[in-house]
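Colleague: Thanks for sharing this one. Could we go through it together, question by question?

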Amino acid sequence: MSADDPKILVSTDWLAAHLKDPDLRILDATTFLPGTGRDARAEYEAAHIPGARFFDIDDISDHRSELPHMAPSPEKFMSRLRAMGVGDGHQVVVYDTHGLFSAARVWWLFRLMGQKDIAVLDGGLPKWQAEGREIEDMPPIVRDRHMTARRQNHLVKDVTQVAAASKLGDHTILDARAAPRFRGEAAEPRPGLRSGHIPGSRSVPYTELLREDGTMKAPDDLRAVFDAAGADLTKPVITTCGSGITAAVINLALARIGHEGGALYDGSWAEWGAFPTVPVATGDA
């Protein structure tokens, strides 16, 4: 598999070579967990890759839900992206300031909306800046572009579907949270949630899919991580995490090794941990 795949993952070298392409659109999809005290939009405005637009994950979400940043309707997605000058025929590259964290969520969201010409920037802004590449603080020039969205319902699961999958064992459920949270040994960052994991799920902390510099591991190394977790990839996969952000890193890794059968549990632990009628397991899987 090529190191650069404009439908999955591209390197900083690839982006630098294509930076002036007229149909390239770059998105900064940085978001921070509650309590960090950091402002993603302010940091974007201070420094971003030339031409990048800011993709606000919390704004481009379903505000009818009490759960955090649930996937928006296709209509809202199209409207927000059109206003950003991103539409049909564009090659999109999305990054974040962590290295590889929330950018994968936006990659998954585009795919959910039927848009496949999107890749995550491997290593994100930290790698780009470490290499001394150009950044700017100027807002991009935005020209309206029509966006078509057709929701791919097979790529997302709700609590009822995940509960059935957990009970029947006909799916492989992979949890991207840190291992102590999976085992129920660490409290959840969001108040009021039980500790533990979905019964039958496997622990694949998203950090284990990354190298120390925030880039994604090579395909063979990714397969080794899934094997070590006991993940049966012959079954359909459902990914989960705290609130549907880092679960998408697993989906990205699955795509990287050629596995296209993964869906994401959008409510994730923010929903499951608060839902009184679903069971919670603790300890190792």
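**Sheet, pockets and domains**

Modeller: Happy to, and please keep in mind that this is a predicted model. A good place to start is helix α4 (residues 103–112), which lies across β2, β4 and β5 (118–121). Its direction relative to β5 is about 175°.

Colleague: In what order do the five strands of the open sheet stand?

Modeller: The sheet is open and its strands pair in parallel. β1 (9–10) and β3 (53–54) are at the edges. Written across the sheet, the order is β1-β5-β4-β2-β3.

Colleague: Why is one side of β1 and of β3 left without a neighbour in the sheet?

Modeller: Both β1 (9–10) and β3 (53–54) stand at the edges of the sheet. One side of each is without a neighbour because each has a single partner strand.

Colleague: Which residue in β4 stands opposite arginine 25?

Modeller: Strand β2 (residues 24–28) runs parallel to strand β4 (residues 91–95), and five bridges join them. Across from arginine 25, the residue in β4 is valine 92.

Colleague: Which element gives the largest share of the lining of the largest pocket?

Modeller: That pocket holds about 350 Å³ of space. It has 13 lining residues, and those closest to its centre are Leu24, Arg25, Gly51, Arg53 and Ile141. By class, the lining has seven nonpolar, one polar and five charged residues. The largest share, three residues, comes from β2.

Colleague: And the second largest pocket: which helices each supply at least two residues of its lining?

Modeller: The second largest pocket has about 260 Å³ of space. Its lining counts 15 residues, with Arg111, His154, Leu155, Glu260 and Gly262 nearest the centre. At least two lining residues apiece come from α4 and α9 (247–256).

Colleague: How many residues of that second lining are polar?

Modeller: The lining of the second largest pocket includes five nonpolar and three charged residues. The polar residues in it number seven.

Colleague: From which domains does the lining of the second largest pocket draw at least three residues each?

Modeller: The domain assignment splits the protein chain into two named parts, one spanning 9–131 and the other 156–274. Each of them gives at least three residues to this lining: domain 1 and domain 2.

Colleague: How many residues of domain 2 are in contact with domain 1?

Modeller: Taken over C-alpha atoms, the centres of domain 1 and domain 2 are separated by 21 Å. Contact here means heavy atoms within 4.5 Å. On the domain 1 side 22 residues take part, and on the domain 2 side the number is 24.

How values were computed:
Residues are numbered from 1 along each chain as its sequence is written. This is a predicted model: local features need pLDDT of at least 70, side-chain atom pairs count only at pLDDT 80 or more; totals for chains, interfaces and linings use all residues. Side-chain values use heavy atoms; hydrogens and water are left out. Two strands pair if DSSP finds at least two bridges between them. Helices (H or I, at least four residues) and strands (E, at least two) are DSSP runs, numbered from the N terminus. Axes are lines fitted to C-alpha atoms, for helices over the stretch in contact, and angles run from 0 to 180 degrees between N-to-C directions. On a 1 Å grid over the protein atoms alone, a cavity is a set of points where a 1.4 Å probe fits but cannot get out, and a pocket is an open set with protein on both sides within 12 Å along at least five of seven lines; lining residues have an atom within 4 Å of a point. Grid points are joined across faces, edges and corners, and a volume is the space filled by probe spheres set on the points. Ala, Val, Leu, Ile, Met, Phe, Trp, Tyr, Cys and Pro count as nonpolar, Asp, Glu, Lys and Arg as charged, and the others, Gly among them, as polar. Domain bounds come from an automatic or database domain assignment.
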